[in-house]
Amino acid sequence: MRVLIPSLRGGSGISTYTVKLAQGLAAAGHEAIVLDEEGGFESPGVTVLPLEPPPSLRYPLEPLGEWARQGTIRRVAREQEVDGIHATRLGLLPLRERRSVVTAWDPIAGPVGRFRAARPRGEDRSAEAVNALVDGVAAFRARAVVAVTPAVRDGYRRFGTCEYVPPFLDDGEIAPARPARGADVVLVAGHLDLARKGLDLAVEAMGLVRERLPEARLVLVGGWVDPSRGRQLPEFCEAVGKMTPAEVTATFAGAGCALIPSLWEEFGYSGLEALAAGTPVATSPLPGYRELSGGGAFAATDRTPAGLAAAIAAALEVEEFEFPAECRASNAIPRILSIYDRVFTA
């Protein structure tokens with residue numbers, strides 16, 4: 001099977017998902033063609049072609065710029081003679097393409113609902129409403145939707161065929177759980193001080209954890225929108241800057257647990273990467289992690305310092321857990337291929 005995957009790479013979980021999807025298809029003996037705005041992505045068995053930047057639109061209409069590249073995506077699909085298109089960013093789905101699948105990330109599909117949810121999530125209301133419009137049009141036009149969480153599946157069921165297949169990692173990246181770990185709690189983000197990343201909540205929760213475990217530290221990996229923010233942290237916080245993927249994996253492997261305190265996160269791939277390094281993860285009440293199997297993910301019952309502190313303490317104490325089986329590529333890729341069989345060959 002020959003699949004075109006139009007996406008925009010960068011530091012987000014969608015970027016990681018795109019790479020893992022293409023690699024997983026190639027490993028299963030299929031051909032993956034990635035349209036990549038950045039360039040430089042190389043992987044055995046994967047063809048990478050350039051995708052021109054979107055036209056410049058006034059804020060908050062930037063997401064509509066993705067539609068301007070649909071002609072390019074359709075042209076490449078014809079030239080490459082693909083069996084179908086899988087858009088990991090919904091706005092890049094050509095709307096007149098019948099053999100199409102999209103991956104949906106947000107459980108709120110409508111502009112009104114996304115507008116109302118934006119402020120509690122630490123996001124911009126107008127931009128999120130436009131994003132929801134783009135996502136909804138793509139989901140309506142696609143033949144099938146891959147939902148990254150059960151909550152997303154429930155939100156997109158009204159658009160037709162929608163199946164829950166969580167994000168995944170290659171089986172070869174997965175290490176066994178490490179029962180003997182330190183007390184460092186690692187938080188990874190592209191920009192640590194973005195409102196939706198929940199840094200203040202993390203700091204407050206760690207203050208409570210340290211009442212019982214004084215040696216616990218909060219290790220912060222990533223950059224800053226405002227660099228002065230990193231200099232205003234309590235002494236138990238250590239900001240180590242940005243790291244390469246290999247360095248992040250090594251940091252997870254030496255930690256007591258990973259932490260995702262976000263107000264909102266489509267999934268949070270860093271937690272999955274921590275589990276693959278043999279390290280458990282604590283999160284705010286994020287739907288993606290609340291549903292995972294394996295016993296290594298601990299979601300807070302509420303978005304309070306005490307609730308998150310309880311999740312961190314549980315993650316630091318756990319000894320036996322497994323990487324969630326449903327997030328192994330060997331399980332996820334066949335499920336995605338079964339969707340392709342239904343959509344691309346109909």
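Two strands count as paired if DSSP finds at least two bridges between them. With that rule in hand, the following exercises explore a structure that is a predicted model.

**Exercise 1.** Determine which strands pair with strand E6 (residues 144-147), and in which sense.

*Solution.* Begin with strand E5 (residues 100-104), which is joined to E6 by four bridges, the two strands running parallel. Within this pairing, threonine 103 has valine 146 of E6 as its bridge partner. Turn next to strand E7 (residues 162-164), which pairs with E6 over three bridges, again in the parallel sense. Here valine 146 stands opposite glutamate 163 of E7. Finally, follow the chain from E6 to E7: the path leads through helix H5 (residues 150-156), and this β-α-β crossover is right-handed.

**Exercise 2.** Decide whether the residues on the two faces of E6 are buried or exposed.

*Solution.* Start from a general point about strands: in a regular strand the side chains alternate between the two faces of the sheet. In E6, Ala144 and Val146 lie on one side, while Val145 and Ala147 lie on the other. All four are buried, and both faces of the strand are therefore covered.

**Exercise 3.** Describe the open sheet of six strands, and explain why one side of E10 and of E13 has no neighbour in it.

*Solution.* First write down the strand order, which is E10-E9-E8-E11-E12-E13, with parallel pairing. Strand E10 (237-241) and strand E13 (297-299) stand at the edges, and each has a single partner strand, so one side of each remains without a neighbour in the sheet. Neighbouring strands are turned against each other by 25° on average, direction ignored. Within the sheet, look at strand E8 (residues 184-191) and strand E11 (residues 257-260), which pair in the parallel sense over two bridges; in this pairing, valine 185 stands opposite cysteine 257 of E11. Then add the helices: helix H8 (residues 269-276) lies across E8, E11 and strand E12 (281-283), and runs at about 170° to E11. Helix H10 (residues 305-317) lies across E8, E11, E12 and E13, and its angle to E12 is about 170°.

**Exercise 4.** Find out how many disulfides the structure has, using cysteine 257 and cysteine 327 as worked cases.

*Solution.* A disulfide is a covalent bond between the sulfur atoms of two cysteines. The cut-off needed here is that the two sulfur atoms lie within 2.5 Å. For cysteine 257, the closest cysteine sulfur belongs to cysteine 237 and is 14 Å away, which is too far for a bond. For cysteine 327, the closest is that of cysteine 162, at 16 Å, which is also too far. Over the structure, the count comes to zero disulfides. As a further step, consider accessibility: cysteine 257 is buried at 0% relative accessibility, and cysteine 327 is likewise buried at 0%.

**Exercise 5.** Classify the aromatic pair of tyrosine 17 and tryptophan 105, and say which parts of the chain this pair ties together.

*Solution.* The whole structure contains six aromatic pairs. In this one, the ring centres are 5.1 Å apart and the planes stand at 85°, so the pair is edge-to-face. Tyrosine 17 lies in helix H1 (residues 13-27) and tryptophan 105 in the loop between E5 and helix H3 (111-121), so the pair ties together parts that are 88 residues apart in sequence. Tyrosine 17 is buried, with a relative accessible area of 0%, and tryptophan 105 is buried as well, with 7%. Together with Phe168, Tyr17 and Trp105 form one aromatic cluster.

Terms used:
Residues are numbered from 1 along each chain as its sequence is written. This is a predicted model: local features need pLDDT of at least 70, side-chain atom pairs count only at pLDDT 80 or more; totals for chains, interfaces and linings use all residues. Side-chain values use heavy atoms; hydrogens and water are left out. Axes are lines fitted to C-alpha atoms, for helices over the stretch in contact, and angles run from 0 to 180 degrees between N-to-C directions. Contact means heavy atoms within 4.5 Å. Buried means under 20% relative accessible area, exposed over 50%, partly exposed in between (1.4 Å probe, protein chains only). A crossover is right-handed if, with the strands pointing away from the viewer, the path from the first strand over the helix to the second runs clockwise. Rings of Phe, Tyr and Trp (its six-membered ring) pair if their centres lie within 6.5 Å; planes under 30 degrees apart count as stacked, over 60 as edge-to-face and the rest as tilted.
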